[in-house]
Amino acid sequence: MSALSSSMVSSRVVLRQFSSSSSSSSSSTQSTSRKSSTSSSSSNNRRTKVQRAIRAQAVQQHEMTEGGVLLPTGLYCPDTTQTFRRKTRTIQIGNVKVGSDHPIVKQTMTTSDTRDVDATVNEIMRCADAGAEMVRITVQGMQEAKACQEIKNKLLQSGYTTPIIADIHFAPKVAMTVADCLDKIRINPGNFADGRKKFEDILYETDEEYQAEIDEIEEVFTPLVLKCKANNVAMRIGTNHGSLSARTLSRFGDTPAGMVESAFEFARICRKHDYHNFVFSMKASNPLVMVQAYRLLSYEMYKLGWDYPLHLGVTEAGEGEDGRMKSSIGIGALLLDGLGDTIRVSLTEASELEIEPCTRLANLGMKACAEKLGGEDKFTETKRDFQSFERFNGDLPEQKADETIDYRNVLHRDGSVISSVTVEQLESEDQFYAELGCMLAVGMPLRDIATSDSILLRQAPQASQEKAMRSIRRLQEIGCGVLVPEAELKKNPVPNAIAIVSLAQAIAKEALPECAERFAVTLNGSESNEDLAKLKDIDAIMLLIQTEKGRSRIHSSRRIFEVLQANGVKIPVIHHKHIVDGDKSDVVIQCGAQVGGLLCDGNGDGVLLEYVGNEKIPLSFLRTTSFGLLQGSRMRNTKTEYVSCPSCGRTLFDLQEVTAQIAEKTGHLPGVAIAVMGCIVNGPGEMADADFGYVGGAPGKIDLYVGKEVVRRGIPMEGATEELIELIKEHDRWVEPKEKAAVAA
Ligand code: SF4
């Protein structure tokens, strides 16, 4: 039996096993086989219970191998201790090849109205000039489809052979039209064949109902597959976490397993017709969900012997540093495991600006593969399970009876930020407090929401440097920890400092300098498993992982966490990243990929970014980047979370301008997540993580959401931001912004 037929059979077997105890008989028509959730509440409750049971069963069975054994961990990429690029077939997209035998391909998407041929052509040329190797354009209807031929011709006349990709939602006929002129079609399995569904909660109570829909998909999708095959047009089966079909949601919920199954339904049809010129994507706005979904996809492909390339992206990442950070965490984590063949960094910015971070990430991934990053230690991971997220939390410090100062706040329960500072910075006092994120009250620093929890002093001030010593004292009074290397403390004692010692010193129980009551242990990744296990009996306040030169942070830290967890060591772990070169963008990309890649596995309790390169990188930038890293890794929220789409030809308002306006008025609401979406094409599920949504409903009109529910429709744009604020107030999530004068940072 071929891989194709065997996978189809096993899928049908699984589908039969999903059968519920429902009395509904099978039916060939949607109208009689589906039940919508508009019936009575008792019926809804019953359905909810049945749905939950079916989803749990479906997800569980998806996690089973044929022998009924839970999947072993670590098989989603070639090697979790070293970067090897996952072997894929080559996909041809116009004149560009995508796959593991080729460099990672950079792409972006236009924001122009596709019907405006000249604007779209100019934008594509700008993107290509900036380095985009493929460009996607939105094609929502026949008018846009007709413009595509002209766009392609004008580009060729201007000497641009950049492959153009059509972004298709809901519209099989439109896809058929553009398959005559463009190089690749992106289809969304969640909405391609389901029409403009209303995202209602539908329960598919029998396998027959479910299968009837799969048959409908095959009927609608097959002509496109055959046409793409005949025209040598490529395809992306692009699943989006926020727009899974009602059918998928009914069986799997909005889980990574549902995302993978949604894509596989379409892939099986492609394979049935011997069409293989396609890639997969599994996008989500939450980097943790995105990483988990891609890993599961890769894992499932290994099981089936499939070798299709991966298009990576974090969707609705937002703008600026936050958008770059989220993308770096999600895309970077996967690239360092050798996954990913083409990438897009979605930003709420001009499309050509996406190429710079995209290039940096692609280079990071290719360098890691070329150098076969890691591999210093081969070990078997038994604790990290890529399918079930669990945070490994260390125990926060407790106060001891005879201690001089309070150490309970030197770390934060949701993730800590430690800032590396110089004596010169300490001496600047007010400016230093501001850079550290403190509020100021009559010259005294006070903790604010994004104040560093502790500081690192490579060099300590001498007792005669009064201003610096005063700054240290004032920080300690507000609970901020002061870490200093043990050798430095012997030269320049700092009262109540936390001494940094090596693991060997800690094991040997060497005496601390007299001025230090507590100590932290620094690890460089070369420590043996036996020595790391001895940490179980060591009373360190925290561990700092500062990997030595030439050693891979992500891989050697994985071994450290494996040993710590295996031995029940509960000391909090801080990722101490020593950055020796690069500019601000490098800092964001490198830290997002390497440290974020660990945090999104739940490994680590905080971050210490220490920059020693030649650029002038302010302390405040490193601090806000650290907090951004924790927020992007879903640990600690210190500012409003925005889920904003990058905009495209469907966008119904000026997304960049509106996002900036909203951010200006609501940026002081940590813990509140606001989605700003150009349209609802990806469904309210895309705002699953958002508390409130501001969504283009029609030209000049905005719909406001609370969670996934639309609560105000068709509000004129001019007053929509104020209405959004009212809505936030109604739900008791609003606080008045602090007077700027009172806040120094
Ligand atoms: S949500 Fe934004 S990027 Fe997505 S289709 Fe709508 S306007 Fe385009």
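Helices, of at least four residues in state H or I, and strands, of at least two residues in state E, are DSSP runs numbered from the N terminus. The model on display is predicted. By that assignment, the protein chain holds 23 helices and 27 strands.

**The whole chain**

Begin with the entire protein chain selected. Of its 745 residues, 59% are buried. A surface representation would cover an accessible area of about 28600 Å², with 49% of that area belonging to carbon and sulfur atoms. As for the contacts between residues at least 6 apart in sequence, 72% join residues that are at least 24 apart.

**The open sheet**

Next, display the eight strands that make up an open sheet, and follow the order β10-β9-β7-β6-β5-β4-β12-β11; their pairing is parallel. The edges are β10, at residues 278–283, and β11, at residues 311–312, each of which pairs on one side only.

Select residues 105–109 and 134–138 to isolate β4 and β5, two parallel strands joined by three bridges. Within this pair, T108 has V135 of β5 as its bridge partner.

Add helix α9, residues 256–272, to the view. This helix packs on the sheet and touches β7 (184–187), β9 (234–240) and β10, and its direction makes about 170 degrees with that of β10.

Now move to residues 164–168, which form β6; this strand pairs with β7 in the parallel sense over four bridges. One position to label is I165, whose bridge partner in β7 is K184. Which residues of β7 lie on each of its covered faces? K184 and R186 are on one side, I185 and I187 are on the other, and all four are buried.

**Aromatic pairs beside helix α9**

With the helix still shown, turn on the aromatic side chains. The whole structure contains 16 aromatic pairs. For one of them, select F264 and W306: the ring centres are 4.7 Å apart and the planes stand at 50 degrees, so this pair is classed as tilted. F264 belongs to helix α9, whereas W306 is in the loop between α10 (287–304) and β11, so the pair ties together parts 42 residues apart in sequence. Both F264 and W306 are buried.

Then select F278 and Y308. These two form a stacked aromatic pair, at 4.0 Å centre to centre and with 20 degrees between the planes. The pair links distant parts of the chain, F278 being in strand β10 and Y308 in the loop between α10 and β11, 30 residues apart. Why does F278 count as buried? The cut-off for burial is under 20% relative accessible area, and F278 is buried because its value is 0%. Y308 likewise counts as buried, at 0% relative accessibility.

To view these pairs in context, select F264, Y275, F278, F280, W306 and Y308 together, a cluster linked by ring pairs.

A further ring to inspect is that of Y210. R247 lies over its face, at 6.0 Å from the ring centre.

**C358 and its surroundings**

Select helix α12, residues 355–371, and locate C358 within it. C358 counts as buried, with a relative accessibility of 0%. Which residues is C358 in contact with, leaving aside its neighbours within four places in sequence? They are K106, Q107, I343, R344 and V345. G131 is another residue to mark: its C-alpha atom is separated from that of C358 by 9.5 Å, with the two positions 227 residues apart along the chain.

**The closed barrel**

Finally, hide the open sheet and display the closed barrel, whose eight strands run β13-β16-β17-β18-β19-β20-β21-β22 with parallel pairing. From one strand to the next, the twist averages 30 degrees. To view the pairing of β13 with β22, select residues 416–421 and 606–611: four bridges connect these two strands in the parallel sense. There, V417 has V607 of β22 as its bridge partner.

Two helices complete the tour. Helix α19, residues 553–566, lies across β19 (516–523), β20 (542–545) and β21 (573–579), and runs at about 160 degrees to β21. Helix α20, residues 584–599, lies across β21 and β22, and its angle to β21 is about 155 degrees.

Terms used: Residues numbered from 1 in each chain as written. Predicted model: local features only at pLDDT ≥ 70, side-chain atom pairs only at ≥ 80, totals over all residues. Heavy atoms only, no water. Pairing = 2+ DSSP bridges. Contact = heavy atoms within 4.5 Å. Axes fitted to C-alpha atoms, helices over the stretch in contact; angles between N-to-C directions. Buried < 20%, exposed > 50% of the residue type's maximum accessible area, 1.4 Å probe, protein only. Areas by Shrake-Rupley, 256 points an atom, 1.4 Å probe, with all protein chains shown as cover. Phe/Tyr/Trp six-rings, centres within 6.5 Å; stacked < 30°, edge-to-face > 60°. Lys NZ or Arg CZ within 6 Å of the ring centre and 35° of its normal.
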